[in-house]
2 protein chains.
Amino acid sequence: MAFVVLRQSMSTVQCVLVASADAGVSTQMVRFATALSKESIVDVEGVVSLPKEPLKATTQQVEIQVRKIYCINRAIPTLPINLEDAARSEADFEKAELAGEKLVRVGQDTRLNYRAIDLRTPSNQAIFRIQCQVENKFREFLLSKDFVGIHTPKLISGSSEGGAAVFKLLYNGQPACLAQSPQLHKQMALCGGFERVFEVGPVFRAENSNTHRHLCEFVGLDAEMEIKEHYFEVCDIIDGLFVSIFKHLTENCNKELETINRQYPFEPLKYLDKTLKLTYEEGVQMLKEAGTEIEPMGDLNTEAEKKLGRLVREKYDTDFFIMYRYPLAVRPFYTMPCYDNPAYSNSFDVFIRGEEIISGAQRIHTPELLTKRATECGIDVSTISTYIEVFSYGAPPHGGFGVGLERVVMLFCALNNIRKTSMFPRDPQRLVP
Amino acid sequence: MAFVVLRQSMSTVQCVLVASADAGVSTQMVRFATALSKESIVDVEGVVSLPKEPLKATTQQVEIQVRKIYCINRAIPTLPINLEDAARSEADFEKAELAGEKLVRVGQDTRLNYRAIDLRTPSNQAIFRIQCQVENKFREFLLSKDFVGIHTPKLISGSSEGGAAVFKLLYNGQPACLAQSPQLHKQMALCGGFERVFEVGPVFRAENSNTHRHLCEFVGLDAEMEIKEHYFEVCDIIDGLFVSIFKHLTENCNKELETINRQYPFEPLKYLDKTLKLTYEEGVQMLKEAGTEIEPMGDLNTEAEKKLGRLVREKYDTDFFIMYRYPLAVRPFYTMPCYDNPAYSNSFDVFIRGEEIISGAQRIHTPELLTKRATECGIDVSTISTYIEVFSYGAPPHGGFGVGLERVVMLFCALNNIRKTSMFPRDPQRLVP
């Protein structure tokens, strides 16, 4: 017979209490307990015992016969959202509708406004544990491949990669902005003698993108590495890294994935042990054969990417693939052109379920070519002279990639909105809580 | 006989080249190689062999007889700073002075201006590898204690903990600021059902502090956890966490520590297996007995902290200790008062080598007490009503702490300036590179 003290919210111990009441617990205690609001925090003292009959509606094997109950912190009786409502699946709503019942739906905005309650749903508890595992595995894999974890500044002078989508502020009277990516600084670390580096940190985009997949602040998983012979070395790291993340989630996070699946049903991600690599030209050709014409030197739009994802899935049975050798014109100025045809570039995107999640490339490592490409792209070279100078101090060939943590989790679990995988999301309309 | 291809900077292969020249390598190649600037990146093809005589001035056991050398990327001949100069210790300067030589000193600002070169010194390579290890161990230890890694937003509305030292900006037209700590959001995660959380991420302070230990942006290591019975549970986590970090560094990072020691000699950190805990009153008493009078309900200044560090070291033979039960008046409004005497608080600071590195406490978890304390501290309660409301939805007793990654590394290695442990530091004067 084991005596235990458990801290719980009231809602999780209510059924146990009733059972104990049957077993002869004082009616005074039951009255006290049932008067407590559901989300109050209580300490329950009791005896662990095997139930006479198997417990219904639970997977627990034991019950606790309550002896004492203390209220540690009372919750208000009526919460702005009801946890049961927030935890329902579409199937629950359909079932209720068939039965003529009307259930309360908790909208995305209401959830986010009361995130401290919404986070308590089983699926949210699972989603953010999965997110933590993705980050752990990202770090663990790269550390095992001799990458060094670094931190680069988020406050920078000027604009990080040019462009308008940048948050501006004043830094002690100087114009400054928030980094749109750690790109320049991770390249500087590379030139500083760190052969392989990675960073996990916030990335800021002042874009007015109101989509299911854009945030104004997200967690970037970035890596940069020396290239010895070919930029496929970077693709190989991505291949090994993501296959190991997917395997880890599938093998070790079953409970969490099942929990998410109950509220938001999804098909498991299909991936190959050795990740499929297609050229951009092959991708365009596949789309063409399926009736979608793409400007051969242009970029794919979201719709074409979705369609390509379906075609690749049909042909190769995978939801995860790398597309490489993009037209140079659609990549940033610092992207290395292909040596055999400078209309193309040593670059790639990676897709999960038809959505781009990773962008990467070999970077130009000589000041001459960098100056030439910047000029061709219409960039005023004088504004990036300190960046270009770095490559005149001795710079190894290198490349890297960046990926958003929230997107990885969203697409692995086939969730329909990136706000579900950001604990406190920031979009053009939302700056709270 | 092994054939190898090595990518190196020219400076690291020069001595090998000379040796190979003696062994009959073409003078044409030697001429080509010696004309290359020092920091140029080269590929060296050669044969690994045992030297006839032990190699001087190196710990290597083998040499490479160079067959071919390719220049991958040329560096400019005269760099803004010379790596040899940047790598010298004080002892080197003293020795040179005695010999009547004048060596070039590279100042802190020059180093930081050309950080991509400066990072190549052996001690900088070691410092940032140590930093990575501290973060790894921080995560590993907390994950093993069932903490979940989370990410909270850095863009927030209003000011994060009040006060003036905040970077302000416009977020899509709304007034916003950069988070001065993840305090409120990690508490929200706690109330959201995550029993133990941690975060590694940037922290922004717009303070005009030009000291050896302040930065405007640093990497915060933060944790927050449910408290079951007493806030010492938080201190116990810190004890276990930091002792395991120190042990790991001492046992596994010997090479890096020795490298740092060569340029910046330091005494190894003294710490106990079970971390010493003193009350604030005991600390004040120790200072008083040593002739320093402290206002008993005030705070310690930097000088008093230094002195206390020396006294504790003399008496207890440790550079690392926890001081707890601070006067309530010197802690933030959300700090839990002591139950037995509300003039004190359930709070603590942690010191390394006489400098505060960690601040932590139990937080108030009821809206009533939080409202009362905010009012007593002169805070307009209406401005923090959403924060207070969170605790009315069901909130467990909890506490936590925060520590700066750069400070841990600086103080473990007894470095004299926090700019040495930030890869690209941000202070009131510095926003580049």
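## A walk from strand 12 to the two-fold axis

B:F351 sits opposite B:E356 of strand 13 in chain B, so select that pair to begin. Bear in mind that this is a predicted model.

Now look to the other side of B:F351: its bridge partner there is B:F321. That residue brings you to strand 11 of chain B (residues 320–324), which runs antiparallel to strand 12 over 5 bridges. Strand 13 (residues 355–363) also pairs with strand 12 in the antiparallel sense, over 6 bridges. Follow the chain through the hairpin joining strands 12 and 13 of chain B, with 2 residues between them, and click B:R353: its phi is positive, near 45°.

Next, color strand 12 of chain B (residues 347–352) by burial: 6 of its 6 residues are buried. Show the side chains, and you'll find B:S347, B:D349 and B:F351 pointing one way, with B:F348, B:V350 and B:I352 pointing the other.

Hop over to chain A and select helix 11 (residues 280–289) and helix 12 (residues 302–316). Their axes lie 10 Å apart at about 90°, which means the two are roughly perpendicular. From helix 11 of chain A, the contact uses A:G283, A:M286 and A:L287; helix 12 of chain A contributes residues including A:L308, A:L311 and A:Y316. By class, that contact has 7 nonpolar, 1 polar and 2 charged residues.

Finally, zoom out to both chains. A 180° turn with a shift of 0.0 Å along the axis lays chain A on chain B with an RMSD of 0.1 Å, so the copies are related as by a two-fold rotation axis. To find that axis, pick A:L169, whose C-alpha comes closest to it in chain A, at 2.6 Å.

Key. Residues numbered from 1 in each chain as written. Chains lettered and ligands numbered in written order. Predicted model: local features only at pLDDT ≥ 70, side-chain atom pairs only at ≥ 80, totals over all residues. Heavy atoms only, no water. Axes fitted to C-alpha atoms, helices over the stretch in contact; angles between N-to-C directions. Helix = DSSP H or I, 4+ residues; strand = E, 2+ residues; numbered from the N terminus. Parallel < 35°, antiparallel > 145°, perpendicular 65-115°, else oblique. Contact = heavy atoms within 4.5 Å. Nonpolar A, V, L, I, M, F, W, Y, C, P; charged D, E, K, R; others polar. Least-squares fit on C-alpha atoms with pLDDT ≥ 70 in both. Buried < 20%, exposed > 50% of the residue type's maximum accessible area, 1.4 Å probe, protein only. Pairing = 2+ DSSP bridges.
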